[in-house]
Amino acid sequence: MVSDQDVLTALQSVSGPDGKTPLPQSGALSGLLVKDGKVYLSIAIDPRQSAALEPMRAAAEAAVKKLAGVANALVSLTSEKEPPPPAKPVQRSIALPGVSNIIAVSSGKGGVGKSTTSVNLALALSALGWRVGILDADIYGPSVPRLLGLKGKPETEGRTLKPLTAHGLKAMSIGFLVDEEEAIIWRGAMVVQAIQQLMRDVAWGELDCLVVDMPPGTGDVQLSMAQNVPLAGAVIVSTPQDLALIDARRGVAMFKKVEVPVLGIVENMSYFLCPHCGGRTDIFAHGGARDAAAKFGVPFLGEVPLDMAIREQSDSGHPVVAGDLEGQYAKIYLAIAAQVKASLEKGHARAAPKITIE
Ligand code: ADP
C-alpha cells in the first residue's frame with residue numbers, strides 16, 4: 001500500500017515552483033489523494049506560469065510513478081489552492097495555455113448527430129475567422145476521422161502528438177490511438193484519464209476554440225470531464241422526440257451543476273426534407289428542443305433538418321460546411337456558430353480581470 005508519506009518522500013527530489021525548495025516544503029501542494037494504487041496530486045501555481053511549470057509537473061508525475069505499488073499518477077497544475085480532493089480527481093486539472101475556449105458538444109444519447117454537429121460547428125467557427133481544433137473524445141464511437149476524411153496515425157514529437165489537419169481544422173481523435181473494442185470495456189476513470197492526456201499531449205498551438213466531441217450520455221465519464229476540463233461552455237444536441245429531450249434536460253442539468261455555461265441546444269433531424277419532391281415532413285414533433293430550451297432557460301441555437309445530403313456528405317469526409325458556404329445547411333451551421341462565438345466572446349468580456357492602477 002502506498003501512503004501519502006511515500007508520495008511526499010518521492011517528491012523530495014522535485015523542486016517546487018521557485019525552482020529550489022523541494023515540492024513538499026514549497027507550500028504549493030494543494031491536494032493529494034491515493035486510491036487503489038492511483039495517485040492524484042495537485043500543485044497550486046500562478047496560472048500565468050502554467051507553461052513554464054509544465055516540466056515541474058512532469059517531473060513530479062515521473063517521480064510518483066516510479067514508486068513501487070503506484071499503478072498510475074496524475075499530477076495537475078491548479079490556479080488556486082484547494083483542499084485535498086474528496087474521492088474523485090482534482091477539479092479542472094487541465095490547463096491548455098494556447099487555447100482560448102474549450103467547448104463540449106454533448107448529447108443525452110448516441111446517434112442523435114452529436115459528431116455531425118461538432119464537425120460542422122467547428123468548420124463554421126473556422127469559416128467565421130477563428131483558429132479551431134476538434135478533439136474527438138467519443139471513445140465509444142469515434143467518428144471524427146471519417147467525417148473529416150482523415151486516415152493514418154498522428155506523428156509524435158517526443159511525448160507530443162501532432163494533430164492532423166483537414167479543411168483548415170486541427171483534429172485529434174481518440175480513435176487514432178486506442179482500439180475501440182478495448183476502450184469500450186474501460187472503466188470511467190480510465191476514459192477520463194485517456195481524454196485528459198489526449199488534450200494535454202497534443203500540440204494544439206494557438207487556438208481560439210477547441211471543440212470537444214464528447215462521449216454520449218450524462219454518466220460519470222461526462223460529469224468527470226465537465227469537472228476536470230476548464231470548459232468555456234457546452235452545446236447540447238438533441239432530436240425533437242420527447243425521450244431524447246428528457247436526456248437533453250439531464251445534459252443541461254449536469255453542466256449547470258458543475259457551473260459550465262450551456263451555450264444552447266441544437267435540434268438535429270428537426271424535420272425531414274424529401275429529396276424527391278422537396279416537401280417537408282415533421283417526423284418527430286418538430287420544435288420540441290426550442291420549447292425545451294425555453295423551459296430550461298438556455299438559448300436555442302437552431303434546427304438542422306434530416307436530409308440525405310447531410311449524411312452522405314458527412315460520411316464521405318466532406319461535411320456540408322466544408323463545401324459551399326452559401327449552401328442552405330452551411331448557412332444553418334454558420335448561424336449556430338455565430339451565436340456560440342458571440343456567447344464565448346461575451347463570457348470573456350465578463351471574466352476580464354480587473355485592472356487597478358496604483
Ligand atoms: P452521434 O455522434 O450522436 O452518435 P452522428 O453525428 O455520428 O451521431 O450521426 C449518426 C448518423 O446520422 C450518421 O450517419 C450521420 O451522418 C447521420 N446524421 C446526423 N445528422 C443528420 C442529419 N441532420 N440528416 C441526415 N443524417 C444525419
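**Two domains and a ligand: a short walk through the model**

I will begin where the two domains meet: seven residues of domain 1 touch five residues of domain 2, where contact means heavy atoms within 4.5 Å. What you see is a predicted model, in which local features need pLDDT of at least 70 and side-chain atom pairs count only at pLDDT 80 or more, while totals for chains, interfaces and linings use all residues. Residues are numbered from 1 along each chain as its sequence is written, and side-chain values use heavy atoms, with hydrogens and water left out.

The domain assignment, which is automatic or from a database, gives domain 1 as 4–78 and domain 2 as 102–345, and their C-alpha centres lie 34 Å apart. Between them the two domains bury about 560 Å², of which 36% is on carbon and sulfur atoms; buried area here is the accessible area (1.4 Å probe) that two parts lose on being put together, summed over both. On the side of domain 1, K38, R57 and L74 lose the most area to domain 2, and together they make up 58% of what that side buries.

What about charge at this interface? The count between domain 1 and domain 2 is zero salt bridges, a salt bridge being a side-chain nitrogen of Lys or Arg within 4 Å of a carboxyl oxygen of Asp or Glu. The elements that give two or more residues to this side of domain 1 are α3 (54–65) and β3 (72–78), helices (H or I, at least four residues) and strands (E, at least two) being DSSP runs numbered from the N terminus.

Now let us stay with R57, whose side chain meets that of E54 in a salt bridge (2.8 Å, N to O). Both R57 and E54 lie in helix α3, three residues apart, which is about one turn of the helix. In general, side chains of opposite charge can pair when their charged atoms come close.

Finally, the ligand has 16 residues around it, and G111, K114, S115, T116 and P305 come nearest, with a residue counted as near if one of its heavy atoms lies within 4 Å. A polar backbone atom of G113 is 2.9 Å from an oxygen atom of the ligand, and a polar backbone atom of D307 is 3.1 Å from a ligand nitrogen atom.

Definitions and conventions. Polar contact = N/O pair within 3.5 Å; in protein donor to acceptor, adjacent residues only side chain to side chain.
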